[in-house]
Amino acid sequence: MLATENEAFQKAVEEIFNSCLGCEVKLKEVGDSTAADRINEIKGIIGISGAICGTAALSVSRDFAYKATGALLGETPAELNSDVVDAVGEIVNMIAGRARVLLGNEATNMSLPSVIMGQCEIAFGSENHGTCLRFETAWGPVSMELVLKQQSKSAIPNVTPVAILA
């Protein structure tokens, strides 16, 4: 993956967390994705296709998701419900959309976000190795896993397969 993709997603996370959630965030480190990056139990996943193809996954704790939902909706939920799921999906959608603009790839397409609850491993395929952006926030640690590839000018785009292993 190009460093510019990491930088675009870093900046997008910082902008969305600061402006939409009112949550201070700071990049802690960038490295290969590991099982330790998947300890948070709520994950927002979005597919990207076009000039850049792959998947971006935001992993947050239940407490972070409650606070983020409260910041977006004005009322913090006391339990996991559809508002929390929608909020996490919207946050990953806003991050990917902003990163797409920062990369100058506005013609790149994004899928609808999916939200997965529970501890699980996201397998991106044997030939795809993810990069993880690890952040510290005022509401606890979050991570953003990226498996992105620059695509050739081929008329048929490659698709990064994703499997969720419970």
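**Which residues in α2 meet which residues in α3?** In this predicted model, the α2 side of the meeting is formed by A65, Y66, A68, T69, L72 and L73. Facing them from α3 are D83, V84, A87, V88, I91 and M94. Sorted by class, the contact of α2 with α3 has ten nonpolar residues, one polar residue and one charged residue.

**Figure 1. The whole chain, to help you find your way around.** Before we zoom in, here is the overall plan. The protein chain has 166 residues, and 44% of them are buried. It contains three helices and nine strands, and reading along the sequence gives the pattern α-β-β-β-α-α-β-β-β-β-β-β. Among contacts between residues at least 6 apart in sequence, 71% join residues at least 24 apart. A word on confidence as you look: the mean pLDDT of the chain is 86, and 85% of its residues reach 70 or more. Confidence is highest in α2, at a mean of 97, and lowest in strand β9 (residues 163-165), at 63.

**Figure 2. Helices α2 and α3 pack against each other.** Two packed helices are described by the angle between their axes and the distance between the axes. Here helix α2 spans residues 62-73 and helix α3 spans residues 82-102. Their axes are 9 Å apart and the packing angle is about 80°. Because angles of 65 to 115 degrees count as roughly perpendicular, α2 is roughly perpendicular to α3. To trace the contact by eye, you could look for T69, L72 and L73 among the α2 residues, and for D83, V84 and M94 among those of α3.

**Figure 3. An aromatic pair between F17 and F64.** How many aromatic pairs does a search of the whole structure find? The search finds two. The pair in this view joins F17 and F64, with 5.4 Å from centre to centre. Their ring planes are 35° apart, and the pair is tilted. F17 lies in helix α1 (residues 3-21) and F64 lies in helix α2, so the pair ties together parts that are 47 residues apart in sequence. Both F17 and F64 are buried. If you widen the view a little, you can also find W139, which forms one aromatic cluster with F17 and F64.

**Figure 4. G70 in helix α2.** Is G70 buried or exposed? G70 has a relative accessible area of 11%, so it is buried, as the cut-off for buried is under 20%. Leaving aside neighbours within four places in sequence, G70 is in contact with E75, T76 and P77. V84 is also worth finding in this view: the C-alpha atoms of G70 and V84 are 8.8 Å apart in space, while the two residues are 14 apart in sequence. You have already met V84 as one of the α3 residues that meet α2.

**Figure 5. D86 in helix α3.** D86 has a relative accessibility of 52% and therefore counts as exposed, as the cut-off for exposed is over 50%. A handy partner for orientation is T69, whose C-alpha atom is 8.5 Å from that of D86. Along the chain, D86 and T69 are 17 residues apart. T69 is one of the α2 residues in the contact with α3.

**Figure 6. S49 in strand β2.** Strand β2 covers residues 42-49, and S49 belongs to it. With a relative accessibility of 26%, S49 counts as partly exposed. Which residues does S49 touch, not counting those up to four places away in sequence? Look for T108 and N109. Q150 can be picked out here too, with 9.7 Å between its C-alpha atom and that of S49. In sequence, S49 and Q150 are 101 residues apart.

**Figure 7. G104 in the loop between α3 and β4.** This last view shows G104 in the loop that runs between α3 and β4 (109-110). G104 is exposed, with a relative accessible area of 56%. To get your bearings, find A8: the C-alpha atoms of G104 and A8 are separated by 9.9 Å. Along the chain, G104 and A8 are 96 residues apart.

Notes. Residues are numbered from 1 along each chain as its sequence is written. This is a predicted model: local features need pLDDT of at least 70, side-chain atom pairs count only at pLDDT 80 or more; totals for chains, interfaces and linings use all residues. Side-chain values use heavy atoms; hydrogens and water are left out. Axes are lines fitted to C-alpha atoms, for helices over the stretch in contact, and angles run from 0 to 180 degrees between N-to-C directions. Helices (H or I, at least four residues) and strands (E, at least two) are DSSP runs, numbered from the N terminus. Angles under 35 degrees count as roughly parallel, over 145 as roughly antiparallel, 65 to 115 as roughly perpendicular and the rest as oblique. Contact means heavy atoms within 4.5 Å. Ala, Val, Leu, Ile, Met, Phe, Trp, Tyr, Cys and Pro count as nonpolar, Asp, Glu, Lys and Arg as charged, and the others, Gly among them, as polar. pLDDT is the predictor's confidence in each residue, from 0 to 100. Rings of Phe, Tyr and Trp (its six-membered ring) pair if their centres lie within 6.5 Å; planes under 30 degrees apart count as stacked, over 60 as edge-to-face and the rest as tilted. Buried means under 20% relative accessible area, exposed over 50%, partly exposed in between (1.4 Å probe, protein chains only).
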